[in-house]
Amino acid sequence: MSSTIIKILFGLAIVILLSVGGGLIWYTLFYEPAAPIEPIVATSTGPLFPVGEGVVETTISTSTASSTLGVISTGGGVRARELATNPIAGFGVFGSGASTTIIAVDRSTGHVYRTDITSGTMSKLSNTTIVGIQEAYVGESKNAYYIILRYEGSAGVQTHIQTIKKTVSVVTASSTNIGVGVFLSGPVVSIALSPKKDRYATVVKGNMGSIIYITDFATSKKRELFRSPLVEWNISWPSEDTIALETKGSYRVRGTLFLINAQTGTASRAIGNILGLTSLVNQGASQLIFAESRDKNGFNLFLHTIKTGDTTPLSFKVSPSSCLWSKRFANTLYCAVPDVATNIEYPDGLYRGEGSLETKLWKFNVKTGESDILWNPSLSGRARTEALQLDLNTGETFLFYIDKISRTLWSLRLTDV
C-alpha cells in the first residue's frame, strides 16, 4: 500500500474520531430529551345504561288518591307513596303483597312506628326516646320485633336492642308489650341481619383484632363464628348459609372479600387484590357485583361468578351500595343510578358525600344487558333527590327506599296488585 493511501486513510480516521467525539461532547452538554408524552385516557360521555337509553316511562293504572300518610305521586310505570313525613333512621319490611308491614324508626327520637301498606294506617309501637341515632335495623321472631339502634352516646357509639311484642297496637305509658332494652357489649364495628331477619351478625373489636358473632333474636343465644387480626370489616348476610366479610374500601388500598359458612365458620376468599373494593353478593352467594377504583377517576363495575371465577365488565356505573339483588328474578338488580357519572376518589369520596346527584331507580339484568327505568323520584315534586337503602317485600310487589335529602320513607308499587 502506497504512502499516499495510508495518509488518506489516517486522515479519514482522524475526521471520524473527531466527529464522534464532538458529537458525544455536544450530546452531554447541550442535548435535552423531549418531555414525555402524557398518556391519552379514553373517556365516555355516553349514557350510563346504553341498552336502556330512551326508555319511555309508562303509566299503569295510576291513582291520584290522597293518603293520611302523604301524597301518592304517579309516573315511571309505578305508584309512589311517601309513607311518613318524619325522617327515618332505618326500617324493616315484613310480609308480602297486600299483607306487607313496615316497621320504621324515627331518626330524631328513636320512636318506632308500624305501617300497613294497604290501609295506610300508622301506629306508634314505642315511645322510648333515644337521640343522635345514626342507623337502625329491624329484625323479628314469631312473637316480636327487635329494634337495633346505633347512636352516639357519652362513651362513643352505643348499640341498643329493644324488643316489641307483635301484639301491641298502640303504645301507652303503662304498656307491658315493650321489653327492657339491652346494650351490646364491646365496640361493634358492623352489623348484618340474616335473610329471615331472625338473627344478626356483629363484627366486634377485640384486643387482637375482631370477632364475628351470630346472635338469635328470640333466645339471645350468641356464638362465636370467626376471628380475624383485622378490625375494619363490612359485614353482610346474603344467604342463610353464607356471611360476606369485606375489608373497608379505600381507593389507595387493595381489598378482599371472604365468604364465611354461617354454620361452621369456614372462610374462603371470593375475590381479592382489588383497589377500593366494594361489593354486593346475591342471595344464593353464587355471584356478585364489585366496583374497582380507578385511582382518583371513579371506578369500574364488574360481575363475578364465584364458582367459575369468571369476571365480566358491566355497561353501567353505580356503586354496589346503591343496588339490591332480586330474590325473585335471576341475574336482576334494582339500583338507584345517578343521572351523571362523576369521577371521585372511590369509595372515599362516596363516604364523604361527594358526587351526590339526583338518582333514578332502574331494574337491570346483568346477563342479558336488558334495563328498565322504574321510577324518577323527581316526579314526587322535589327539586332533587337520591334513593338510599333499597329494600323489597316478599314477592317483590313493592320496593322501598329512603329519600336522602328529607330522610323520609317511600314505597314504589312495582306490580298492579
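**Figure 1. Asn273 in strand β19 of the predicted model**. Asn273 has a relative accessibility of 48% and therefore counts as partly exposed, since that class lies between the 20% limit for buried residues and the 50% limit for exposed ones. The strand that holds Asn273, β19, covers residues 267-275. With neighbours within four places in sequence left aside, Asn273 is in contact with Arg254, Gly255 and Thr256. The view also takes in Leu257, whose C-alpha atom lies 9.3 Å from that of Asn273. Along the sequence, Asn273 and Leu257 are 16 residues apart.

**Figure 2. Surroundings of Thr278 in strand β20**. Strand β20 is formed by residues 278-281, and Thr278 belongs to this strand. Thr278 has a relative accessible area of 10% and is therefore buried, a class that requires a value under 20%. Which residues does Thr278 touch, when those up to four places away in sequence are not counted? The partners are Glu246, Ile289, Phe290, Ala291, Pro320, Tyr346, Pro347 and Tyr351. With one of these, Tyr346, Thr278 also makes a polar contact between side chains, at 2.6 Å.

**Figure 3. The salt bridge between Arg150 and Glu135**. The whole structure contains eight salt bridges, and one of them joins Arg150 to Glu135. In this pair, the closest N and O atoms are 3.3 Å apart. Arg150 is part of strand β9 (residues 144-153) and Glu135 is part of strand β8 (residues 133-140), so the salt bridge ties together parts of the chain that are 15 residues apart in sequence. Are the two partners buried or partly exposed? Arg150, at 7% relative accessibility, counts as buried, whereas Glu135, at 30%, counts as partly exposed. Side chains of opposite charge can pair when their charged atoms come close.

**Figure 4. The salt bridge between Lys197 and Asp391**. The side chains of Lys197 and Asp391 meet with an N to O distance of 3.7 Å. This pair links distant parts of the chain, its members being 194 residues apart. Lys197 is located in the loop between β12 (188-193) and β13 (199-206), while Asp391 is located in strand β28 (residues 387-392). Lys197 counts as buried at 15% relative accessibility. Asp391 is likewise buried, with a relative accessible area of 19%; this value falls under the 20% limit, which is why Asp391 is assigned to the buried class.

**Figure 5. A salt-bridge network that includes Asp198 and Arg199**. A salt bridge joins the side chains of Asp198 and Arg199, with 3.9 Å from N to O. Asp198, at 25% relative accessibility, counts as partly exposed. Arg199 is buried, with a relative accessible area of 15%. Which residues are joined into one network by salt bridges that share partners? The network consists of Asp198, Arg199 and Glu240.

**Figure 6. The largest cavity and its lining**. Rolling a probe the size of a water molecule over the atoms shows where empty space is left. In this model, the count comes to one cavity of 30 Å³ or more. The largest cavity holds about 50 Å³ of space. Its lining is made up of Leu83, Ala84, Asn86, Ile88, Ile102, Ala104, Tyr113, Thr115, Met122 and Leu409. Strands β3 (78-84), β5 (101-106) and β6 (112-116) each contribute at least two of the lining residues. How many residues of each class line the largest cavity? Eight are nonpolar and two are polar, and no charged residue takes part.

**Figure 7. Ile164 in strand β10, with the chain as background**. Ile164 is found in strand β10, which comprises residues 156-165. With a relative accessibility of 0%, Ile164 counts as buried. Ile164 and Val112 are 52 residues apart in sequence, yet their C-alpha atoms are 9.3 Å apart in space. For the chain as a whole, buried residues make up 47% of the 417 residues. The secondary structure of the chain comprises two helices and 30 strands. Of the contacts between residues at least 6 apart in sequence, 44% join residues at least 24 apart.

Technical notes
Residues are numbered from 1 along each chain as its sequence is written. This is a predicted model: local features need pLDDT of at least 70, side-chain atom pairs count only at pLDDT 80 or more; totals for chains, interfaces and linings use all residues. Side-chain values use heavy atoms; hydrogens and water are left out. Helices (H or I, at least four residues) and strands (E, at least two) are DSSP runs, numbered from the N terminus. Buried means under 20% relative accessible area, exposed over 50%, partly exposed in between (1.4 Å probe, protein chains only). A polar contact is a pair of N or O atoms within 3.5 Å; within protein, one must be able to donate a hydrogen and the other to accept it, and residues adjacent in sequence count only if both atoms are side-chain atoms. Contact means heavy atoms within 4.5 Å. A salt bridge is a side-chain nitrogen of Lys or Arg within 4 Å of a carboxyl oxygen of Asp or Glu. On a 1 Å grid over the protein atoms alone, a cavity is a set of points where a 1.4 Å probe fits but cannot get out, and a pocket is an open set with protein on both sides within 12 Å along at least five of seven lines; lining residues have an atom within 4 Å of a point. Grid points are joined across faces, edges and corners, and a volume is the space filled by probe spheres set on the points. Ala, Val, Leu, Ile, Met, Phe, Trp, Tyr, Cys and Pro count as nonpolar, Asp, Glu, Lys and Arg as charged, and the others, Gly among them, as polar.
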